[in-house]
Amino acid sequence: MRHLNASAAAVAAVATLTLAACGADAGSGAEGETAPSATGTSADDSGANPDTAASRAADPTPADEIPDAEVVEGSFAVLPSAPESAPQSVRGTVWLARHDDGTTVTVDVTGLEPDTKYTSHLHAEPCEPDDGGPHFRFDPDGPAQPPNEVHLMFTTDSAGSASTTVTNADPDSDGANAILLHLDDDTGTKFACADL
Ligand SMILES: [Cu+2]
């Protein structure tokens, strides 16, 4: 599966440190732009579509393209608890890659509102029965924020699609079981989930 879009990744690269608590406040957009992500840059797989090559240049390598990684894949489904106001047409694939340099997560999603910001996190529990439970933390006693948690903030393109990747330097992510999509508003409501 191809990665759809590139502009979203660039946004995500500067916004992953927002303290977006699950189900609580999602943080202000302004805060999200003050700090760099865990790792937002790496070599580009250039030679992609000419119309996206410029923005792809800043993209990290997607999780499913990292050599010699252990990769798990999941697909988004709308949560039974999702409010009607959430995009019911969401579809997408997620990959989590464990490799020598850490843990890389890629979210590739369509069917969202155009030009809209969303939040995604690695969660500790499966989608059922508790909507992914709490955030996964590399150090369970560590801080509730990146890089101890994996947050992906992104903005969809005009078609409602986005693809974004973030890497944490710790490869020990066995306790991560799902990726949740949240509305990026005051509620931070979970509305879609992918088991890993
Ligand atoms: Cu979450």
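In which loop does Pro-129 lie? Pro-129 sits in the loop between β5 (117-123) and β6 (151-155). The model is predicted. This briefing covers two topics: cis peptide bonds and positive phi values outside glycine.

**Cis peptide bonds**

- Glu-128 and Pro-129 are joined by a cis peptide bond. Omega there is about 0 degrees.
- Pro-146 and Pro-147 are also linked by a cis peptide bond. For this bond, omega is about 5 degrees.
- Pro-147, like Pro-129, belongs to the loop between β5 and β6.

**Positive phi values**

- Asp-131 is a residue other than glycine, yet its phi is positive, near 50 degrees. Asp-131 is placed in the loop between β5 and β6.
- Asp-68 also has a positive phi without being glycine. The value for Asp-68 is near 55 degrees. Asp-68 is found in the loop between α3 (50-56) and β1 (70-75).

**Buried or exposed?**

- Is Asp-131 buried or exposed? Asp-131 has 21 other C-beta atoms within 10 Å. The cut-off for buried is 20 or more, so Asp-131 counts as buried.
- Is Asp-68 exposed or buried? Asp-68 has 7 other C-beta atoms within 10 Å. The cut-off for exposed is 12 or fewer, so Asp-68 counts as exposed.

**The β5 to β6 loop**

- Pro-129 lies in this loop, and the cis bond to Glu-128 involves Pro-129.
- Asp-131 lies there too, with its positive phi.
- Pro-147 is another residue of the loop, and a cis bond joins Pro-147 to Pro-146.

Conventions: Residues numbered from 1 in each chain as written. Predicted model: local features only at pLDDT ≥ 70, side-chain atom pairs only at ≥ 80, totals over all residues. Helix = DSSP H or I, 4+ residues; strand = E, 2+ residues; numbered from the N terminus.
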